[in-house]
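Me: I should like to go through this structure term by term, asking what each label rests on.

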Amino acid sequence: MNIKKIILSALLVLGIGSFSGIANAECGKVVVANQNWASAELMAEVDKIILEKGYGCEVELIPGATMPTFTSMDEKGAPDMNPEQWANAVYTPLIKAVEEKRLVIANKAPITGLGEGWWLTPGAIKKHPELKGMTAMEILKHPEWFPYAEDSSKGAFIGCPAGWGCQLANANLYRAFEMEKKGWVLVDPGSAAGLDGSISKAADSGNPWFGYYWNPTSIVGKYDLQPVPWGIDFAGRDNWDNCITKAEQDCADPKPTAWTKSEVNTIITSKFAKQGGKAIVKYIGKRTYPGPVMNGMLVWMADNQAGGSDAAIEFLSKHEDVWGKWVSSKVAKKIKAGL
Amino acid sequence: MEFLNKFPVMERTSLMELKKGIDLSFRQFSRKYGDGIENFFDPLLFFLIKLEKLLLSTPWPIIILIIGILAWIGSRSWVLVIGSTLSFLAIGYFGMWKDCMATVAIISVCTTVCIAIGIPIGIIMSKSNRAEKTILPILDMMQTIPSFVYLIPILMLLGIGKVPGLIAVCIYAVPPVIRLTNLGIREVDKETLEASEAFGATTFQKLKSVQIPLSLPTIFAGVNQTIMMALAMVVIASMIGVKGLGVPILRAISNQYLALGLMNGLAIVALAIIFDRITQEYGRRIQKHRGQKK
């Protein structure tokens, strides 16, 4: 008898629990891409809370990464939203998708002051003070300052992990600058963990490190990575879009160029733009994280080993001055009550 | 009632402090000893690089010939010799020769390291019940702990490259050879052992001339499993910068290149089948030999 009661009450609780989930769904179900790096995680979780508490959506986060998420959104119309789409990697198809009204660029600059490029560890500058202020073109003449572990007669340039958009760009720049002839090896760190690991290993032991990274990231803040000026002009969109970002076989003759100015967008599918309504599109359009605030959040996440969901709560409770401007005061109240 | 509904959790801040403390102490450890440990593994790196260079600089027909000969020595079966030759020809024809040789190099070195470490540990385990009791749970852990978890400390200690990749592969691949060496020696017939004792054999003589020869087929099954598991780890090893067939697979996963992924995946499968059949046949032949003598 007693056991029956317990089971019954358990079923009842479960039933009520699932009902309350459905009751929230005004704007419907929204699938948001939760890409596998810290700032994207934070943005996805913040969007999740704001859309759920403020606009009554039912948000599901699904894992993603630059290329797969974009391909899926473009081809399949799902997920509905990518909070942090790095546009350089997908420039041509993105423009096409926007023209053909499959995707909408809802926010042209969700984070200010960001960029991709080549960086040095402070240890490199300490060991070779001449590096200070050197441009990339000058550094390329000195592979001997960055000895490669597997062949010390060569210099190691740490590129991008396989499969990232930037991997193709780095590989093509490697050819454009004739780095092989100059005695460099393009090292594939294999994964995000490999890339970060190679930086923290070098920074911790004070060894020189030269390679690709981007800002805003906790790694740049934590290890004080120094950006390298290019010492060469940007050689035009045509070279970049139709060659540098393409696979090697599609880019026969890459021209030397600086890195393109980074463009990050929040993109949503046109289906979600209709389904979500004007209020949500307006919120996404206003949602801009100032660079220093974002960097501060990322260092907080790294220091506390916090995931995106913890960081989102930290952000929403500490930085109301930032997100308060994104939504109407009525919605802001709802979100604050929901925290 | 609240106690029952809510699991008593360690306080959030102290939990965070604990995690941070573990991280910090490991970071300090790796700062202090990282370079030393790296130097310790230098000979291994040297060997790996030399082997890969040798495999790549040798003209391909010679490599294929060597593989054919190895297949013949191992299995004495024409089917296997022709099969492995054709597979390697196909791998080369589809432009995977370089990656394939890098994979063969790391798998060979890894298998050698695993055998060198695994068989002595297996022998120790078979000699002492206490050693068996302590080592078995460690082996269980090595086989089940997700490889991404131990990639983090390996990365912090050794950075990216061949050696950390090799260690990651070995952690996963060494247990079978240890387990089966232990099992094989323990399973040797008691009466045979008694007979050798009656002839006055010392412990070492018993081990060398009775126990190891009789357990060889089982040990060989372990080596075979170790090779298979090492091949299965190729993709994971590529995530920390090991060149080989895993790299194009990672690229294929992130870019949805179906054909690229499939081709390289099948190349790994082909390698696995060749290694597996040759070592298995070899193991069977040893057994046959024993059967005839009986």
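What follows is an exchange about the labels used for this model and the values behind them.

Reply: This is a predicted model, in which local features need pLDDT of at least 70 and side-chain atom pairs count only at pLDDT 80 or more, while totals for chains, interfaces and linings use all residues. Residues are numbered from 1 along each chain as its sequence is written, and chains are lettered from A and ligands numbered from 1 in the order in which they are written.

Me: What makes up the secondary structure of chain A, and how many helices and strands has chain B?
Reply: Helices (H or I, at least four residues) and strands (E, at least two) are DSSP runs, numbered from the N terminus. On that basis chain A comes to 16 helices and 11 strands, whereas chain B has 15 helices and zero strands. Along the principal axes, the C-alpha atoms of chain A fill a box of roughly 80 × 45 × 40 Å, and the C-alpha trace of chain B spans about 70 × 55 × 45 Å.

Me: Why is strand β1 of chain A called largely enclosed?
Reply: A residue is buried if 20 or more other C-beta atoms lie within 10 Å of its own, exposed if 12 or fewer, and partly exposed in between, with C-beta atoms placed from the backbone. Five of the seven residues of β1(A), residues 29-35, are buried, and therefore the strand is largely enclosed by the rest of the structure. For the chains as wholes, 42% of the 339 residues of chain A count as buried, and 36% of the 294 residues of chain B do.

Me: Why is Lys53(B) called buried, exposed or partly exposed?
Reply: Lys53(B), which is found in helix α3 (residues 42-57) of chain B, has 13 other C-beta atoms within 10 Å and is therefore partly exposed. The C-alpha atoms of Lys53(B) and Ile185(B) are 38 Å apart, with these positions 132 residues apart along the chain.

Me: In what sense do β1(A) and β2(A) pair, and what unit do they make with α2(A)?
Reply: Two strands pair if DSSP finds at least two bridges between them; β1(A) and strand β2 (residues 58-64) of chain A have seven bridges, in the parallel sense. Within this pairing Ala33(A) stands opposite Ile62(A). With α2(A) the two strands make a right-handed β-α-β unit, a crossover being right-handed if, with the strands pointing away from the viewer, the path from the first strand over the helix to the second runs clockwise.

Me: Which strand pairs with β5(A), and in what sense?
Reply: Strand β5 (residues 115-120) of chain A pairs with β9(A) in the antiparallel sense over six bridges, and Glu116(A) has Trp214(A) in β9(A) as its bridge partner. Strand β9 (residues 210-215) is mostly covered, six of its six residues being buried.

Me: How do you know on which side of α12(A) the buried residues lie?
Reply: The buried residues of helix α12 (residues 278-286) of chain A are Ile280(A), Tyr283(A) and Ile284(A). They cover an arc of only 95 degrees around the axis, so they are on the same side of α12(A); the arc is that of the directions from the helix axis to the C-beta atoms. An α-helix has 3.6 residues a turn, so residues three or four places apart point the same way. The face turned away from the buried side carries the exposed residues Lys278(A) and Lys286(A). The buried residues of α12(A) pack against α2, β4 (103-107), β11 (264-269) and α11 (270-276) of chain A.

Me: What are the domains of chain A, and how many residues does each give to their contact?
Reply: Chain A is divided into domain 1 (25-113 + 263-338) and domain 2 (115-250), with bounds that come from an automatic or database domain assignment. The contact takes 20 residues from domain 1 and 12 residues from domain 2, two residues being in contact if their C-beta atoms, placed from the backbone, lie within 7 Å. On the domain 1 side that touches domain 2, α13(A) gives the most, with seven residues. The residues of that side of domain 1 divide into 13 nonpolar, seven polar and no charged, where Ala, Val, Leu, Ile, Met, Phe, Trp, Tyr, Cys and Pro count as nonpolar, Asp, Glu, Lys and Arg as charged, and the others, Gly among them, as polar.
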